[in-house]
Each structure stands twice: as C-alpha cells, then as structure tokens.
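Here is a set of exercises to work through with the model open beside you. Try each task before you read its solution.

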Amino acid sequence: MPGAPGIPERQSVRVIAGRTLLAWLGVICSRHIKCKTTSRHELFRLNRSHCAVPCRPANSSVLPFISYKGHVDLYRRPTCPPCSPCSPAATGMHGALSPSPGSRDLTLPSARKQAERQAALDALPPVYSAPLSPAEHKLHALSLAQLVAECKAGEVAPADIMVAYAKKTVAAHAATNCVTDLMFDDALRIPAVANWPHNSDLDAFDSARDRSLLGVPVSIKGKSLTPSRAEAAKFRQTRSTSPGTIPLLDSPGTSTVLSQHAGALVHVKTAVPTGLLALETTSEVYGRTSNPYKHTHTSGASTGGGAALVACGGSKIEIGSDVAGSVRLPAHFCGIWSLKGSAGRFPSWGNQSSMEGLEGIQLVASPMAGSLDDLDEFWKRVVTARPWEYDHTCHPIPWRSVDLREDGRKLKWGIMLEGGAVPITPACKRALSMVATALRKQGHEVVELFVPHHVMGARPTDYSPYSTPPDLERGLNIAYQLLFSDGGQQIRSLLSPGESLNKASSSVFDLLAYPKYVKQFLAYLTRKSDPAAASLLRIMHGKSVTELRALTAQRDSYRAEWHSGWMEKGLDFVITVPHPFPAFKHGESEKVNLMTAGFTTIFSLLDYTAGVLPVTFVDKDLDRLPDDFKPSSPMATLAYSAYDAEGMHGLPLGVQVVGRRLEEERVLEGMKIVQDALKQQGIVFANQVKVGAGSDAQ
C-alpha cells in the first residue's frame, strides 16, 4: 500500500487501520453517550450515520481523532464539511453539549435578560452618561484608604463617589460588555451609607466595625449573590445585641455582607461565562466580554467581567472567585492586581459555584484591584473586620503585619520558567525575566526551578523533591482528576435546555463523556506519538469514591513533596507566569485550551497563596517568535497558532508571586518588593485604558 504524502508506508498502514477502528468504535459508542444538557438530566441518543469524510465517524467531535501525522488531537473539535449529511448544519448538533444556534430555545430568556439590563441602563439619570467633571476626576483618583478617610471626615459624600464610579461603570460596560446587574441606588441604601455623615441609628455592631470600607465601590462576580433586603433585615433582627458579636450567617455572599456592613458601595454584578470553567467570558445570555485594551481580544475568565470593569475604573474592588485561576488569569489579561488566598482566609461562604461541594481543590473568594495599595488595604480591612464571625469556614487568624525589608534583608526567589506541554510565550517570558533581573539588581537571590516533564511510567521516587520541585505534570494530572471527578455531570446538570458551554470547556466535557475503554485504547495508540494526549485520555473520566479518596491521598503527598522542596531550598517566594499567553483573540480558547492554565491550577492544588501584578505590555518587535521556533508537542502546536505578537501588541503582561499556605500578608509584601524593584529600574506599569468621552486612564 503506498504511503500517504510525507508519511512512511508502514506508518500510513497503521494510521489507516487506526482510522477504520476509530470509525467503527465511534458508530458503536456514540449510541450510548449520555449527553446531560438540561437540569432534568435528559438522556440523548445520538443517531449518527457514518461520515463520508475518512478522518472520523459522523458528528464525532466528542471523539479524539488520529490525524495524518499519527497523533490524537484532543485540542480541537473538528467538524464535517457543510456539504456533508452529518455536518453540524445538517444534524443540528455541534458536539455532544453544543446544539447549533438554530436549534437552541434560548431566544426568549436571553432576550428578556438583555432587555432587563438595557432597561436598567436606559432608566439611569442623564448625569450617568456625562463625562466626569474635574472634581469627579480628583475623587476618582483617590486611593481606597483616602476614600474612606474623606468619607469618615464628612468631606466627601458616598453619593458623590457613587456618581463618579457609576459614570465609569456605564462607560466600561459600553466598551466591554462587562456588567449584568446595576445596583447604584441599592448601594446607597445600606445603613452605614444612608446615615452618613452621622452615626445615628447605627448600633454597636456597626460602630465596632468602624465603617472601614465606607464609600469604597465594590463590584461582585455575577455568581456571587447579594442578600435580598428581607435577608438583610432578618440578619439584623437575629444577630446578637452584644457589641462586636454576630451569629453564623446562613445566607449567600458573606464577603458581600461584610463589605456592606463596613460601608462599601456594592454597586454592580459583573459578567461570567456559562459554567464558569473557561478561558473566555462569554455566555448565550449576556454575550461576550472584551478586553479593555483591545476589544478583539478576551478579558479572560471566569472573573472576566470584573477584571474589565476594574481596569476601566468602574470599581475600586472586584470580589471574584478562584478555583484554578479564575481571578488570576483575568488580572493578567487586563493589567490589574489580584490575590488568591488559601482556603479559609477570605470569607467565601455563600458564593455560588458551578462546582459546589468540590473539596479536592477548593474555590475561594478573591479580590481584584486597580492598584497594589488598594488590594493590600482591602485585604487588611476585611480580615480586621473578623470575617470568621460572618463565615464559619474562615480561620480566626488576625491580620499580621509583615516587614521583609528590615535590616536590608535579601530574599530567595525561585523562578519557574517551564513546565507542562505548552512553553511560555516570548512575551510572558520577557515580563518574568524583567522581574528576575530587577530582583537580582536589588541583591536578592533568584534561582531557577527546573520542573521536569513527567516520564511515563516513572515513579514519584525517581526524582528528588529536595533538588527540584515535584513534577508539575504529575501534580496537574491529580488536579484535573479532582476537578472532573464527577465526569462533568455537575456542570452539565446546571445547563438550561439547549444551553451550551464555551468551546474550550466543551472539548473537555466531550472528552469526559466518551466511553472509558475507547479512551484507554486511544491512549495506547498515542503513548509514543503524543504522550500528553495519552496521559489525558487515561485520566479524564469519572471517579468512584475509592478512586477519589486515593486521589486525595496523592494530593496530600504531592503537597508534602512541595513543602519539603520549598524548605530544603530555603525559598521565600516563587515567581512565574499566570498563564503562558497574553490575552488572545475572541474564540481562540479552544486552540489555547483549558490545560494551559497549569501555572495557576498547580498552586490551587497546593492551596498556596498567589498574587498577580502587571509588569509591562506586549511588544510586537521584542516578543515575536524566533524563526527557528518549533512547538514541543501537538498541544503546543495548536496553542501557538493563537500567538500573534503583532496582533497582541499593547496588551498587559503580568507575573505571579507565590507563597505558602496562609501567607497572604507575606505575599502582598513580596508583591510590593517586586513592584519596588521594577520601579528602581524605571519600570512602572501605568494603566492605559480609556473609556467614555473625556475620561482619563485609571
């Protein structure tokens, strides 16, 4: 048999045989796929005819396929030609979870939600559409601490602050589509604000909290619920009258309740993607959120709406949530500051999640800010307000001031420059190198942490955790299995009839939905040609209780290895990228794929404290790919097809500063050291977003 073009005859025979077998398996297995796309767990039987296209069975975007080069492509979902009888247009199916737009019955709910939002915008007083006045510009430039001080002194009214930030919010939404609900009037009705500038009608509890966030505009992630007025009233009636004490709060959004009691102006909810687990913020209900620096590119996910709003100056603080980078990735893409604490340090009880009950990697509420000083102040004021009295999951750990620069002390920083199947892009590596260089010039020690790629079949004892960090790929495999231990059923069950996930998420859930024995066979076929794909094929399936407990034990052992390595090396911090890529174009998350979020996911698995700060911007000349660049894997090949230094020119680039568990104060101090070291080298990140007529940058 003659070989295919560019393929040896022997390999061509293997590929054709594999295709034939896959087609046969696809026809059989596709009849048994359980596609749970509604809250009623409806089971769909996919009646697939055999596709005339030789690469794969009909409509089998859920099935990884062997390309002519002989590797399994898990990273994109191919479609049949439009002329084919099994094409999406003909069948009305875009994969197991993604019906075609024409088949979706979402028109009425989507139109209703969008109409409600537009009606709220149209009902705003005309003043909110006007440019900021000179006085409002000065007010908007005040730091968080200054806003609170001015409000407490009676010199600035919360209502004036609300007008200035509402103007910015309206302009930000017009530019990026970042808002889902407006609450400008409600923000001014909370007692701590409504009674300004007097303390009359404030009880001992409110006085004890001293309104530490008075007048601070705070936005909340769309899935974080704001308690209704009835719930708030019930809370006030049932709490103890003893000064400074309250009962456990059994209602949504304890971080929101605490902020409101401290006087914050919780004024808006921000956009999130369908299912939350994504790299882009887009939904069929509210549409797509754009990057404020370049509207053709994404703001990240899942707190993408909040990141865009903060970058545009529409909020002083965004309270988001992070399970694998949902706050850190958008902060990196949009050029703002964020800090994900360890589980139990920031009040998170009541924040809705698409993966409630997940214990292997815990979701934590995490704030974002437009400056490091504001981020530090917000964290300090929330912890000082004794959040464990609001949230039973919070550790009763008071705020601990840290000074790491006393007596000219020099720190030891580990730098992670590689790890995983997709290498860091030149742009992100340049930002990380700038930080390393600045730290070294300040006399700090920066050591490279080599994270070896896991050799298939190797045992954990085949390397020393004392000389190198534990294998990143092994840790990520543990993390992915914990995240998707239910086989994706929980998120699928939350979808409305006809609702679909974004492409990147659908690729993962399609993989989870396919029969395990087929994936095991494909893993065997590709164990040499594409080890990364083979590894995912082996592990991406639902787990039994026994398997889940074994994974939890592996996670704990992995954490112990990291702890041993950290202590042996005497590290103070680790610095790395939040993501290998800058913000990419809309719709390209399927190419980049969820598995590239390893630099954030690994520290969520470890429950380490991790902050992100912006450093510089993509430069089309400095950050182009070298002429001899060759991707290291099929996953990297597809991901790098989304990297375009010229198209990304001007987008923000951040770095991630990581400390150990419950070291929030210490990591914030480390971020200040990085920022000051960069400043000594003349590198100061300046927000360059401009929205609205006559508006200024942040």
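The exercises below go from confidence to overall make-up, then to cavities and two histidines.

This is a predicted model, in which local features need pLDDT of at least 70 and side-chain atom pairs count only at pLDDT 80 or more, while totals for chains, interfaces and linings use all residues. Residues are numbered from 1 along each chain as its sequence is written, and side-chain values use heavy atoms, with hydrogens and water left out.

**Exercise 1. Work out how far to trust the model.**

Step 1: start with pLDDT, the predictor's confidence in each residue, from 0 to 100. Its mean over the protein is 79, and 74% of the residues reach 70 or more.

Step 2: look for weak stretches. Residues 1–11 stay under 50, and the model gives them twelve contacts (heavy atoms within 4.5 Å) beyond four places in sequence. Residues 452–467 are also below 50, with 26 contacts beyond near neighbours in sequence.

**Exercise 2. Describe the overall make-up.**

Step 1: count the elements. You should get 25 helices and 17 strands, taken as DSSP runs numbered from the N terminus (helices H or I, at least four residues; strands E, at least two).

Step 2: check burial, where buried means under 20% relative accessible area, exposed over 50%, and partly exposed in between (1.4 Å probe, protein chains only). Of the 698 residues, 60% are buried.

Step 3: look at contact range. Take contacts between residues at least 6 apart in sequence: 79% of them join residues at least 24 apart.

**Exercise 3. Find the two largest cavities and say what lines them.**

Step 1: fix the term. A cavity is a set of points, on a 1 Å grid over the protein atoms alone, where a 1.4 Å probe fits but cannot get out; lining residues have an atom within 4 Å of a point. Grid points are joined across faces, edges and corners, and a volume is the space filled by probe spheres set on the points. Six cavities have 30 Å³ or more.

Step 2: take the largest, at about 220 Å³. It has 18 lining residues, with Gly420, Ala421, Leu476, Tyr480 and Met595 nearest its centre. Helices H16 (472–483), H20 (531–539) and H23 (598–605) each give two or more residues to this lining, and H16 has the largest share, with five.

Step 3: sort that lining by class: eleven nonpolar, six polar and one charged. Here Ala, Val, Leu, Ile, Met, Phe, Trp, Tyr, Cys and Pro count as nonpolar, Asp, Glu, Lys and Arg as charged, and the others, Gly among them, as polar.

Step 4: repeat for the second largest, at about 180 Å³. Its 17 lining residues include Leu277, Ala324, Leu594, Ala597 and Thr601, which lie nearest the centre. The classes here are 13 nonpolar, four polar and no charged.

**Exercise 4. Place His332 and His173 in their surroundings.**

Step 1: His332 sits in helix H13 (residues 328–334) and is buried, at 1% relative accessible area. Its contacts beyond four places in sequence include Cys428, Val612 and Leu653.

Step 2: now polar contacts, pairs of N or O atoms within 3.5 Å (within protein, one must be able to donate a hydrogen and the other to accept it, and residues adjacent in sequence count only if both atoms are side-chain atoms). The His332 side chain reaches the backbone oxygen of Phe581 at 2.9 Å.

Step 3: His173 belongs to helix H6 (residues 158–176) and is buried too, at 10%. A polar atom of the His173 side chain lies 3.2 Å from the backbone nitrogen of Val179.

How values were computed: 1 Å grid on protein atoms, 1.4 Å probe; cavity = no way out; pocket = protein on both sides within 12 Å on 5 of 7 lines; lining within 4 Å.
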